[in-house]
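Visitor: I've got a model open on my screen and a few labels I'd like to see justified. Could you walk me through them?

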Amino acid sequence: MKVTELFGIKHPILQAPMAGVQGSELAIAVAQAGGLGGLPCAMLSPELIQQELHRIRMATTSPINVNFFCHQAPIPDAEHEARWRLALRPYYVELGLDPDAIPEVPGRRPFDAQACDVLSEFEPEVVSFHFGLPNEQLLNRIRGWGGKIISSATTLEEAIWLQARGVDAIIAQGLEAGGHRAMFLTDDVTEQKGLFALLPQLLEHTSTPIIAAGGIASPKAVRAALTLGAAGVQIGTAYLLCPEAKTTSVHRQALKSSAADHTALTRLFSGRPARGIVNRIMRELGPLSSLPPAFPLASTAIAPLRAASEALNNADFSPLWAGQNVKGCQEIAAGELTHWLAGD
Ligand SMILES: Cc1cc2nc3c(=O)[nH]c(=O)nc-3n(C[C@H](O)[C@H](O)[C@H](O)COP(=O)(O)O)c2cc1C
């Protein structure tokens, strides 16, 4: 079944929910253009989720996708954290920051009953998850209001796991994709496959609709994924320069520069592998260094470095999430981009 029918949308295009770089404005623009707008909730408090969903429901009656992380909250490891802070110490000194006064930042919260309570007020048509799925009880609450459940797979094993739990569609997240790898049954990045290796495997060995993601940034690429048998596509990076996205100015500059040709998976910004444009800290510490503590704890000690350097218009310590294909990034309205990608 195609996603147009499954979700009741005009175009087979899902705008990837992208935590930290967009809110309701981008989701509304895509929804109004006939795609499935996505609201990333991983970094929002329940109050903010409520505000954003209220805005969306006031602006459009089109279906909407809300997105959550569902990682296991880590057990803090003081020794590991101390090693991480020691490695960052020279950068604190360089930027004139106090390495012994690192403020706590609100971490990314896995999906829980409190978030589900907020959703039940708005009954979003689609709820998507990254890093697996939450427990069956929470999934049943979503099913109770008729919500469709989707999640990303990065291997065939993960797709089979998701299918066994009854998801309505599976996102095949190719290695090209920007942002966090959704991987949840493996932590070995060498097992990750490019989209056109992963997609046919999932199509052959599962019976659930498969949504293609990773490096798709043109109408031709959308058609290619659909021709292979995908039920739809999910696109993130191509939307990053749209005026409705909240992409920071250093991130926008990097996306428009030749530096964007070089992306890599890195654990440095959060503790989990994610794809972003290679910058100074990735080059100097090694993108997949084992220094950062478990997800999402690594972000606490990086945050002051990021803030101080971004104030100087410098992206040395910023997560510049982007996929391998930035060629489709256009500074045009998200609705226009959605129509273009759909071949309108
Ligand atoms: C800046 C950025 C942030 C992202 N944040 C999320 C997120 O919060 N939740 C999620 O499920 N996926 C997230 N992703 C991954 C996307 O869901 C998707 O896999 C990816 O964007 C597809 O590849 P593309 O970026 O090459 O289009 C993010 C991607 C980017 C580029």
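Guide: Sure, this is a predicted model, and we'll take the ligand, its cavity and two backbone oddities in turn.

Visitor: What makes the ligand's approach to glycine 215 a polar contact?

Guide: An oxygen atom of the ligand is 2.8 Å from a polar backbone atom of glycine 215. The cut-off is a pair of N or O atoms within 3.5 Å, so this pair counts. Glycine 178 also passes, with a polar backbone atom 3.3 Å from a ligand oxygen. For proline 17, a nitrogen atom of the ligand is 3.4 Å from a polar backbone atom, and that is still within 3.5 Å. The protein covers 98% of the 590 Å² of accessible area that the ligand has on its own.

Visitor: Which residues surround the ligand, and which are closest?

Guide: There are 21 of them, and the closest are Pro17, Asn67, Gly215, Gly236 and Thr237. Both β3 (64–69) and β9 (232–235) supply at least two residues of that shell.

Visitor: How do you know how the shell divides by class?

Guide: Sorting the residues gives 10 nonpolar, 11 polar and no charged ones. Mind that Gly counts as polar here, so Gly215 and Gly236 go on the polar side.

Visitor: What is the space taken by the ligand called?

Guide: That space is the largest cavity. With the protein atoms alone, a 1.4 Å probe fits there but cannot get out, which is why the word is cavity and not pocket. The structure holds 1 cavity of 30 Å³ or more, and about 590 Å³ of space lies in the largest cavity. Of its 38 lining residues, the closest to the centre are Ala16, Pro17, Met18, Gly178 and Gly179. Strands giving two or more residues to the lining are β3, β4 (126–130), β6 (169–173), β7 (179–180) and β9. By class, the lining has 19 nonpolar, 18 polar and 1 charged.

Visitor: Why is phenylalanine 131 worth a look?

Guide: Most residues other than glycine have a negative phi. Phenylalanine 131 is not a glycine, yet its phi is positive, about 80°. You'll find phenylalanine 131 in the loop between β4 and α6 (136–144).

Visitor: And what joins phenylalanine 295 and proline 296?

Guide: A cis peptide bond, with omega about -5°. Most peptide bonds are trans. Proline 296 sits in the loop between α11 (280–285) and α12 (298–310).

Notes:
Residues numbered from 1 in each chain as written. Predicted model: local features only at pLDDT ≥ 70, side-chain atom pairs only at ≥ 80, totals over all residues. Heavy atoms only, no water. Near = heavy atom within 4 Å. Polar contact = N/O pair within 3.5 Å; in protein donor to acceptor, adjacent residues only side chain to side chain. Areas by Shrake-Rupley, 256 points an atom, 1.4 Å probe, with all protein chains shown as cover. 1 Å grid on protein atoms, 1.4 Å probe; cavity = no way out; pocket = protein on both sides within 12 Å on 5 of 7 lines; lining within 4 Å. Sits in = over half its atoms within 2 Å of the grid points. Helix = DSSP H or I, 4+ residues; strand = E, 2+ residues; numbered from the N terminus. Points joined across faces, edges and corners; volume = space filled by probe spheres on them.
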